[in-house]
Amino acid sequence: MTINLPKVYINYGLNEAWLDVTNSARIHGNGSVIAEKINRNIQEELGITVSIGVSWNKIFAKFGSDYQKPNAITVITRDNYKKIVWQQEVGDLLYVGRSTKKKLMKYGIYTIGQLAKTSLDFLVLQFGKMGAVLWRFANGLDDSPVKSFDEHYNGNERILKSIGNSITTPRDLKDLKDVKFIIYMLTESVAMRLRETGCYCLTVAIHVRNKELHSFTRQLKLAKPSDLTREIAEAAIALFENNYDFSSDIRSMGVRVTDLVPDSTPIQLDLFGNEELRVRQAQLDETIDDLRKRFGNLAVRRAVTIGDQMSCLDPKKDHIIHPIGYF
């Protein structure tokens, strides 16, 4: 199928990466041809199958990668998107989670097409800014570019701005014990990724949404740059304790680190602090990272993340990891 579009994006589900192949068409062929090459190369080199979505925007490319599995290529164009995308359940659209889906269905919005045809003003009234985002997504109006992922410097500016991990929990979080479980689980992933990219963070942020769909974001400046799992998790827990009273159970949480600096950045030692303990914690984190790389992310577990029905959650593999923010 020939695709004559100003922009062609490919999304494949192996690691949820978007590729802007618009300027590659003259050399490698159109989006469909490139997708076939990617599919074939992955099978030949790695022995695994992959599903790929091809479209003129990232949202529909993402949708296409999930539309047919396994080992499928779905091309969504301006001519066929209403027949393919609009007929599907609204929960299949990016950023429509369980709670949002439930609320949309309450208003009689069951499909992506119904969402696309709903009044924009109504959606903004019910969902705030996210209502406008979902309306644009459903109508294929996303025009955001694919951001470059580069862990090195671009001049004097590091392209990598933040590292975050978020999850809609399998069950509502009812107390601080539940919250600590999720925060440590998310922080394990964030801190490991931080160390892999050779960065320290200066700021820790949390995002909390309760079952009433009320949400807030808070952030905290650390005393010194860090990539230590324990320090980041404790900062996130302190942020939560100081800003939430459990008036409602928690539905989703996120942990994010920002203000990243190279791990070669000199750190002022604290004359009265326990720097020896920080060194031991850094060595422990590195050892755990190595074990997880060799034997899987669940090979080594912290005690706080054991003994719950959520214990089977993989702190790195199963969750949405956003090295660079979508928006």
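**View 1. Contacts across the whole protein.** Take the contacts between residues at least 6 apart in sequence: 66% of them join residues at least 24 apart. Keep in mind that this is a predicted model. If you count the elements, you'll find eleven helices and twelve strands. The chain has 327 residues, and 47% of them count as buried. As for the outside, the accessible surface comes to about 17300 Å², with 51% of that belonging to carbon and sulfur atoms.

**View 2. Helix α2, end to end.** Helix α2 covers residues 31-46. How far apart should the ends of its 16 residues be? At 1.5 Å a residue, the helix should span 22 Å, and its end C-alpha atoms are indeed 22 Å apart, so the two values agree.

**View 3. The two sides of α2.** Here's who is tucked away: Gly 31, Ser 32, Ile 34, Ala 35, Ile 38, Asn 39 and Ile 42 are buried. Seen down the axis of α2, the buried residues fall within an arc of 165 degrees, so they line one face of the helix. Why might a pattern like that come up? An α-helix has 3.6 residues a turn, so residues three or four places apart point the same way. On the other side of α2, Glu 44 and Glu 45 are exposed.

**View 4. Lys 103, a buried charge.** Lys 103 sits in helix α5, which runs over residues 98-106. Does this lysine count as buried or exposed? Lys 103 is buried, yet it has no salt bridge. The nearest side chain of opposite charge belongs to Glu 212, 8.7 Å away. Setting aside neighbours within four places in sequence, Lys 103 is in contact with Gln 126, Phe 127 and Leu 213.

Key:
Residues are numbered from 1 along each chain as its sequence is written. This is a predicted model: local features need pLDDT of at least 70, side-chain atom pairs count only at pLDDT 80 or more; totals for chains, interfaces and linings use all residues. Side-chain values use heavy atoms; hydrogens and water are left out. Helices (H or I, at least four residues) and strands (E, at least two) are DSSP runs, numbered from the N terminus. Buried means under 20% relative accessible area, exposed over 50%, partly exposed in between (1.4 Å probe, protein chains only). Contact means heavy atoms within 4.5 Å. Accessible areas come from the Shrake-Rupley method with a 1.4 Å probe; for residues, only the protein chains shown count as cover. Lys and Arg count as positive and Asp and Glu as negative; His and the chain ends are not counted. A salt bridge is a side-chain nitrogen of Lys or Arg within 4 Å of a carboxyl oxygen of Asp or Glu. The expected span of a helix is 1.5 Å times one less than its number of residues. The arc is that of the directions from the helix axis to the C-beta atoms.
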